Amino acid sequence: MNHLKSENPRSHDPHAWMQDLAADVRRNRKLAGLTQVDLAQLAGVGKTVVHDLEKGKPTLQVATVLKILAVLNIDLGWRSPTEEVADA
């Protein structure tokens, strides 16, 4: 799920958003046949970071999360009201 591009009311709840991201990461990691250790090594981060992300820890560094998402081919995007104005 990409809540930042959705109209889902949960997208405005940081805790719910993080829990959904955690579930997506866990599901995609398992579908890829990777352990948390495998994913951490491929992303160049510690195993604890992968564990924390899959538990929905809200204080992880964005750059670190992006490394993990890149390995799993998960695209994280956003929508800005100013972007819509600029495209008009």
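**Exercise 1. A loop residue and its surroundings**

Ile74 has its place in the loop between α4 and α5; find which residues Ile74 touches once those up to four places away in sequence are left out.

*Solution.* The model is a predicted one, in which local features need pLDDT of at least 70 and side-chain atom pairs count only at pLDDT 80 or more, while totals for chains, interfaces and linings use all residues. Residues are numbered from 1 along each chain as its sequence is written, and side-chain values use heavy atoms, with hydrogens and water left out.

Step 1: fix the term contact, which means heavy atoms within 4.5 Å. Step 2: apply the term to Ile74, which touches Asp24, Val25, Asn28 and Leu69. Step 3: take Asn28 from that list and compare sequence with space, since Ile74 and Asn28 are 46 residues apart in sequence and 8.5 Å apart from C-alpha to C-alpha.

**Exercise 2. The helices of the chain**

State how many helices and how many strands the protein chain has, and in what pattern they follow one another.

*Solution.* Step 1: helices (H or I, at least four residues) and strands (E, at least two) are DSSP runs, numbered from the N terminus. Step 2: by this rule the chain has five helices and zero strands, and reading along the sequence gives the pattern α-α-α-α-α. Step 3: for the chain as a whole, 35% of the 88 residues count as buried, where buried means under 20% relative accessible area, exposed means over 50% and partly exposed lies in between (1.4 Å probe, protein chains only).

**Exercise 3. The nonpolar core**

Describe the largest nonpolar core, and say which helix gives the largest share of its residues.

*Solution.* Step 1: a nonpolar core is a set of buried Ala, Val, Leu, Ile, Met, Phe, Trp, Tyr and Cys residues joined through side-chain atoms within 4.5 Å. Step 2: the largest such core has 17 residues, and those with the most contacts inside it are Leu21, Val25, Leu39, Leu53, Ile68 and Leu72. Step 3: at least two residues of this core come from each of α1 (14–31), α2 (36–43), α3 (47–54) and α4 (62–71), and the largest share, four residues, is that of α1. Step 4: follow Val25, which, leaving aside neighbours within four places in sequence, is in contact with Leu39, Leu53, Glu54, Ile68, Leu69, Leu72 and Ile74.

**Exercise 4. Two helix pairs**

Work out how α2 and α4 are placed relative to each other, and then do likewise for α3 and α4.

*Solution.* Step 1: axes are lines fitted to C-alpha atoms, for helices over the stretch in contact, and angles run from 0 to 180 degrees between N-to-C directions. Step 2: α2 and α4 pack at an angle of about 110°, with their axes 9 Å apart. These two helices are therefore roughly perpendicular, given that angles under 35 degrees count as roughly parallel, over 145 as roughly antiparallel, 65 to 115 as roughly perpendicular and the rest as oblique.

Step 3: the contact is made by Leu39, Leu42 and Ala43 of α2 together with Lys67, Ile68 and Val71 of α4. By class these are five nonpolar, no polar and one charged residues, with Ala, Val, Leu, Ile, Met, Phe, Trp, Tyr, Cys and Pro counted as nonpolar, Asp, Glu, Lys and Arg as charged, and the others, Gly among them, as polar.

Step 4: α3 and α4 pack at about 90°, with their axes 11 Å apart, and α3 is therefore roughly perpendicular to α4. Val49, Val50 and Leu53 of α3 meet Thr64, Val65 and Ile68 of α4, a contact that divides into five nonpolar, one polar and no charged residues.

**Exercise 5. Buried or exposed?**

Decide whether Glu54 is buried or exposed, and do the same for Asn73.

*Solution.* Step 1: Glu54 is found in helix α3, and with a relative accessible area of 5% Glu54 is buried. Step 2: Val50, Asp52, Leu53 and Glu54 are buried in α3, and the buried residues of this helix pack against α1, α2 and α4. Step 3: leaving aside neighbours within four places in sequence, Glu54 is in contact with Ala22, Val25, Arg26, Arg29 and Gln36.

Step 4: Asn73 is found in the loop between α4 and α5 (81–87), and at 71% relative accessible area Asn73 is exposed. Step 5: the phi of Asn73 is near 60°, a positive value in a residue other than glycine. Most residues other than glycine have a negative phi.
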